[in-house]
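Biologist: Please take a close look at one part of this model, a single residue to begin with, and work outward from there. I would like one connected account of what surrounds that part.

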Amino acid sequence: MSITVVETAPLADVKGTAPVLLTVEEAARCLRIGRTTCFSLIRTGELESLMVGGLRRVPADAPAAYLARRRAEQHAA
């Protein structure tokens with residue numbers, strides 16, 4: 001079995017601090033899903049998001065919370 005290393009673009013960084021809000025594209029990259037799928041999760045309420053002005057943003061902890069819920073659902077099934 002071989003291991004494949006995947007390079008990803010770093011998230012936006014402001015003076016060494018982690019971002020509080022992610023763009024939809026950044027959230028999609030975190031979850032390793034496509035942008036369209038990420039918007040679908042947002043539309044159904046499965047992935048938390050909010051509007052900042054006219055921009056859709058995802059709280060930085062929302063992808064991990066989504067994953068935790070999905071894992072709990074699968075363990076319960």
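**From one side chain to the whole fold**

Modeller: Arg 35 is partly exposed, with a relative accessible area of 46%. That value falls in the middle class because buried means under 20% and exposed means over 50%. The model is predicted, and everything below should be read in that light.

The partner of Arg 35 is Glu 25: the two form a salt bridge, with 2.8 Å between the closest N and O atoms. Their positions are ten residues apart, and the pair links distant parts of the chain, with Glu 25 in helix 1 (residues 24–31) and Arg 35 in helix 2 (residues 35–44). Glu 25 is also partly exposed, at a relative accessible area of 36%. The general background is that side chains of opposite charge can pair when their charged atoms come close.

A search of the whole structure finds two salt bridges. The other one joins Arg 70 to Glu 73, and here the closest N and O atoms are 3.7 Å apart. That distance still qualifies because the cut-off for a salt bridge is within 4 Å. Arg 70 and Glu 73 both belong to helix 3 (residues 62–76), where three residues, about one turn of the helix, separate them. Arg 70 counts as partly exposed at 32% relative accessibility, and Glu 73 falls in that class at 49%.

Back at helix 1, the residues next to Glu 25 in sequence are buried: Val 24 and Glu 26 are both among the buried residues of the helix, together with Ala 27, Ala 28 and Leu 31. The cover over these buried residues includes strand 1, helix 2, strand 3 and helix 3. After helix 1 comes Arg 32, which has a positive phi, near 60°.

Val 24, Ala 27, Ala 28 and Leu 31 also belong to the largest nonpolar core, which has twelve residues. Its other members are Leu 22, Cys 38, Leu 41, Ile 42, Leu 47, Val 58, Ala 62 and Tyr 66. Helix 1, helix 2 and helix 3 each supply at least two residues of this core, and helix 1 gives the most, with four. In soluble globular proteins, nonpolar side chains tend to be buried together.

One core residue, Ile 42, shows how these parts meet. Leaving aside residues up to four places away in sequence, Ile 42 touches Val 24, Leu 47, Ser 49, Arg 56 and Val 58. Of these, Val 24, Leu 47 and Val 58 are fellow members of the core. Val 58 leads on to the sheet, since Leu 22 stands opposite Val 58 in strand 3.

The sheet is open and has three strands in the order 1-3-2, with antiparallel pairing. Strand 1 and strand 2 are the edge strands, each pairing on one side only. Strand 1 (21–22) pairs with strand 3 (residues 55–59) over two bridges, and the bridge partner of Leu 21 in strand 3 is Pro 59. Strand 2 (residues 50–52) pairs with strand 3 over three bridges, with Val 52 matched to Leu 55. Two residues lie between strand 2 and strand 3 in their hairpin, where Gly 53 takes a positive phi near 65°.

Residues of this region also contribute to the surface. Val 20, Leu 21, Leu 50 and Val 52 make a nonpolar surface patch of about 310 Å². Val 20 lies in the segment before strand 1 and counts as exposed, with 65% relative accessibility.

For the wider setting, the protein has three helices and three strands, which follow the pattern β-α-α-β-β-α along the sequence. Of its 77 residues, 19% are buried. The exposed area is about 5800 Å², and carbon and sulfur atoms supply 58% of it. Among contacts between residues at least 6 apart in sequence, 35% join residues at least 24 apart.

Technical notes
Residues are numbered from 1 along each chain as its sequence is written. This is a predicted model: local features need pLDDT of at least 70, side-chain atom pairs count only at pLDDT 80 or more; totals for chains, interfaces and linings use all residues. Side-chain values use heavy atoms; hydrogens and water are left out. Patches are made of residues with over 30% relative accessible area and no salt bridge: like charges are joined within 9 Å, nonpolar side chains (Val, Leu, Ile, Met, Phe, Trp, Tyr) within 5 Å. Accessible areas come from the Shrake-Rupley method with a 1.4 Å probe; for residues, only the protein chains shown count as cover. A salt bridge is a side-chain nitrogen of Lys or Arg within 4 Å of a carboxyl oxygen of Asp or Glu. Buried means under 20% relative accessible area, exposed over 50%, partly exposed in between (1.4 Å probe, protein chains only). Two strands pair if DSSP finds at least two bridges between them. A nonpolar core is a set of buried Ala, Val, Leu, Ile, Met, Phe, Trp, Tyr and Cys residues joined through side-chain atoms within 4.5 Å. Contact means heavy atoms within 4.5 Å.
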